[in-house]
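Please look through the sequence and the model below before reading on. The paragraphs after them go from one helix to two individual residues.

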Amino acid sequence: MADNPRIEELRRRVQKDPASIAFAQLAEEYRRAGNYEDAIATCRAGLAVHPGYLSARVTLGRALLEMNDFDAAQAELECVLKTAPENLSAIRGVAEAHHRRGRLSEALGFYKAALALARHDPDLEQTVEEISRAISPAPPGMDDGLSFEQATAEFLAALDGLPGGLESAFAPADANAPGGFSAPIAPAAPIAPIAPIAPVASIAPVAPATDLPKLQGFLNRIQTHRQKKAV
């Protein structure tokens with residue numbers, strides 16, 4: 001890696017005065033340049049003299065994170081949070097450490113804490129949304145993200161599975177089928193003025209077709225989608 005003037009200047013200052021707090025700037029420049037090993041070494045040397053220098057400890061934690069030393073990185077960043085619980089860089093660093101280890105619930109808590117401090121940060125908002133979906137996916141059949149066209153396609157596909165398609169789904173039930181209509185009721189004879197009205201024979205209820213509940217579900221989803229678009 002070619003040396004840049006800023007790193008060279010800071011390096012000379014630290015070499016001239018090993019107790020100089022310029023070590024923190026030098027370490028951060030190393031980290032930004034991707035020279036994580038030099039960043040770690042510089043931080044540790046400077047923190048031995050200035051253990052309370054929090055920005056240097058954040059730099060150390062983030063450099064360790066890039067080296068995939070998650071335990072050490074988290075220890076340094078959590079040390080910062082004990083003194084400065086609202087240090088945004090440390091919070092994001094701890095969140096990233098959990099995230100890289102696959103500890104999504106823990107990562108989400110720290111990402112939300114970071115977002116509370118950095119409101120409307122697009123990267124944080126996207127990360128929180130993605131992890132939230134990964135932890136609590138929508139139950140099957142409860143996804144409201146379908147477009148009207150997608151819902152219609154599913155509805156028509158369901159009709160294809162019905163014998164006779166849409167017409168058979170809503171056709172009157174066969175009188176001879178189980179649960180179908182009974183024989184048509186004959187017209188009542190003229191009623192004498194003083195004769196009581198004879199009760200009408202009861203009609204057996206129509207049994208729903210086998211796939212009607214599924215069909216009704218798709219109809220409900222399409223209706224819900226139309227209502228949302230109308231709002």
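What follows is a walk through selected parts of this structure, which is a predicted model.

A convenient place to begin is helix 4, which runs over residues 54-66 and whose 13 residues should span 18 Å at 1.5 Å a residue, a value with which the 19 Å between its end C-alpha atoms agrees. This helix is mostly covered, since 10 of its 13 residues are buried, among them A56, V58, L60, L64 and L65, but also R57 and R62. The buried residues of helix 4 pack against helix 2 (22-32), helix 3 (36-49), helix 5 (70-83) and helix 6 (88-100). Helix 4 is followed by N68, a residue with a positive phi, near 60°.

Farther along the chain, Y111 lies in helix 7, and because its relative accessibility is 9%, below the 20% cut-off, Y111 counts as buried. If residues up to four places away in sequence are not counted, Y111 touches A95, E96, H99, L124, T127, V128 and I131. With H99, the side chain of Y111 makes a polar contact, side chain to side chain, at 3.2 Å, while E96, 15 residues away in sequence, has its C-alpha 8.3 Å from that of Y111.

The loop between helix 7 (104-117) and helix 8 (122-135) holds D121, which is buried because its relative accessible area of 18% is under 20%. The side chain of D121 reaches the backbone nitrogen of L124 at 3.0 Å, and, leaving aside neighbours within four places in sequence, D121 is in contact with R92 and L115.

Definitions and conventions
Residues numbered from 1 in each chain as written. Predicted model: local features only at pLDDT ≥ 70, side-chain atom pairs only at ≥ 80, totals over all residues. Heavy atoms only, no water. Helix = DSSP H or I, 4+ residues; strand = E, 2+ residues; numbered from the N terminus. Buried < 20%, exposed > 50% of the residue type's maximum accessible area, 1.4 Å probe, protein only. Polar contact = N/O pair within 3.5 Å; in protein donor to acceptor, adjacent residues only side chain to side chain. Contact = heavy atoms within 4.5 Å. Expected span 1.5 Å × (residues − 1).
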